[in-house]
Amino acid sequence: MIIKSALKFMTHEAIVLSVIFINAVVMVALETTPTLPKTIGYWILWVDFVCVLYFAVELGVKWTDLGTKGYFSDNWNKLDFLIVILSIPVLIEPFLSGGIGWLGDMAILRLARFLRLWRILRYVYTSETYKCLRIPVILLIVLTAFTMLIDSSKDLISDIYPQIKLTLNVLLVLSLTFLLVRMLRVLFSTFFHRKLTQNPYNFDSSLVDFICLIAVVLTSLNGIMIAISTAGHDPFALLAGLGIGGMAIAFAAQDAVANIIAGIMLLVQKPFKTGDWICINGNTGAVHHIGLRCTVLEEFGGEHLTFPNKIFMDSPVRNIDKRGFYLLSGSIRLHHKTKHNEINEVIDMMKKICTEHPELYNDCGVRFEGFGEACFPVSFWMCVKEWSQSEQIIYRDRWEKIRVVEQDFYIKLVKGVNEKGITCAMPIREMVEENKTSPLTEKDGYHEN
């Protein structure tokens, strides 16, 4: 049972694609530098051997599950079968007297390596997740085909062969770097983002985006340095020259550098995370995005406010979501003729509404404030439970939840007060009609029609 589960795991799409990419890296390395095994060791040929062995085992697992007719009814499976057949010499080479490495220049092996790249097309053209890999995959396949074509006709173009070969090798390295960068973005958006933002890591989504950016930048720089080295230049000497210019640019862009440093500090210290409701410089909103240069808040009406990150280092930030609830407060003014027992009834009524409401915590406060101006003021505060993404079908956002809960509270309070016949003091004047002469009389020149 364990063996069967392990074999099933081997045919998972992500595993197959990862092995194909590893094999593509080895293939490009062997194509651009044929003497690589002698330089760094024959372990790189063993990596190629393990990849080919994996493809053979994968073929056997699929063939067993689908049967002969079901397996060969798929054209992609036919291509996989052809690739494994052409790669058989790699599987038998270690068991021959010459050991591994002596078959490296055989045309059939170079053709098998080339065909392995075509397996990537199976995923980039049949999966929406990997469609962003189409352009780099096609570039890599075309450049590999040109490299094999040039190698096969090098005797005919012996004069310009070294320059063409060098150019193709550099382009191969750059196209492989392009492919790896796109693959990193896919892995972070599909796998790492989901894993790192959940327990036990609980990373902020912006921090995961930052880690992805660092991985992409390092991979790109590494690929560019390898390409420069492949072209016959010293990449470190070039970087030293760029470093002097980089210092001048840094002095000219101090604000941008300060914002980037502040962005990194926000991601590391995490005073707030994406989705938190914060208040800064009198502006209140939900954190929509935390970038390296700026942070975006979404206000109540959906408007986006963009703040440079250094503002968050220089100004106090109030994180409303940190307390786990939203505080609402207010007051009502009872008529000055309200009796003392009616005031107690209003206080008990407000506490009962808070206790019974599903979106309010039981912990609330109601206080009779004493004697007001022609009224008896009663103040209150209550705690609305924090909004979550799972409630989006009921409340669009935290703003809507607060407003709906507040409205429910007041409607129930008005209903209770009306049922008990308690009168509230309203901030309006009562107009009393009296049979008096209008201030504008006939002697003032006013005549009614």
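Strand 7 and strand 8 make a hairpin, with six residues lying between them. In the turn, Gly370 has a positive phi of about 100°. This description rests on a predicted model. Strand 7 covers residues 365–368 and strand 8 covers residues 375–385. The two run antiparallel and are joined by four bridges. Gly365 has its bridge partner, Trp381, in strand 8.

**The five-stranded sheet**

Another part of the chain forms an open sheet. Five strands take part, in the order 4-3-2-1-5, and their pairing is antiparallel. Strand 4 (304–308) and strand 5 (317–319) are the edge strands, each pairing on one side only. From one strand to the next, the twist averages 40°. Strand 3, residues 294–298, runs antiparallel to strand 4, and five bridges join them. Within this pair, Val296 has Thr306 of strand 4 as its bridge partner. In general, strands of a sheet pair through backbone hydrogen bonds.

**The annotated stretches**

The UniProt record, an unreviewed entry, carries the feature "transmembrane region" at several places, including residues 132–150 and 208–230. Residues 14–30, 42–61 and 81–111 are also among them. So what does the model show over two of these stretches? The table gives the helix and strand content, with the distance between the end C-alpha atoms.

| Stretch | Helix | Strand | End C-alpha atoms apart |
|---|---|---|---|
| Residues 132–150 | 89% helix | 0% strand | 29 Å |
| Residues 208–230 | 100% helix | 0% strand | 33 Å |

**Two residues in helices**

Ile138 sits in helix 8, which spans residues 134–152. Is Ile138 buried or exposed? Ile138 counts as partly exposed because its relative accessible area is 37%, which falls between the 20% limit for buried and the 50% limit for exposed. Ile138 also belongs to a nonpolar patch on the surface. The other members are Tyr125, Val142, Phe146 and Leu149, and the patch has about 460 Å² of accessible area together.

Thr219 lies in helix 10, residues 205–230. With a relative accessible area of 22%, Thr219 is partly exposed too. The cut-off for buried is under 20%, so a value of 22% does not meet it. Which residue has its C-alpha atom 7.1 Å from that of Thr219? That residue is Thr177, and the two are 42 residues apart along the chain.

Conventions:
Residues numbered from 1 in each chain as written. Predicted model: local features only at pLDDT ≥ 70, side-chain atom pairs only at ≥ 80, totals over all residues. Heavy atoms only, no water. Pairing = 2+ DSSP bridges. Axes fitted to C-alpha atoms, helices over the stretch in contact; angles between N-to-C directions. Patch = residues over 30% accessible without salt bridge, like charges linked within 9 Å, V, L, I, M, F, W, Y side chains within 5 Å. Areas by Shrake-Rupley, 256 points an atom, 1.4 Å probe, with all protein chains shown as cover. Salt bridge = Lys/Arg side-chain N within 4 Å of Asp/Glu carboxyl O. Buried < 20%, exposed > 50% of the residue type's maximum accessible area, 1.4 Å probe, protein only. UniProt positions renumbered as here; feature names shortened; annotations may be inferred.
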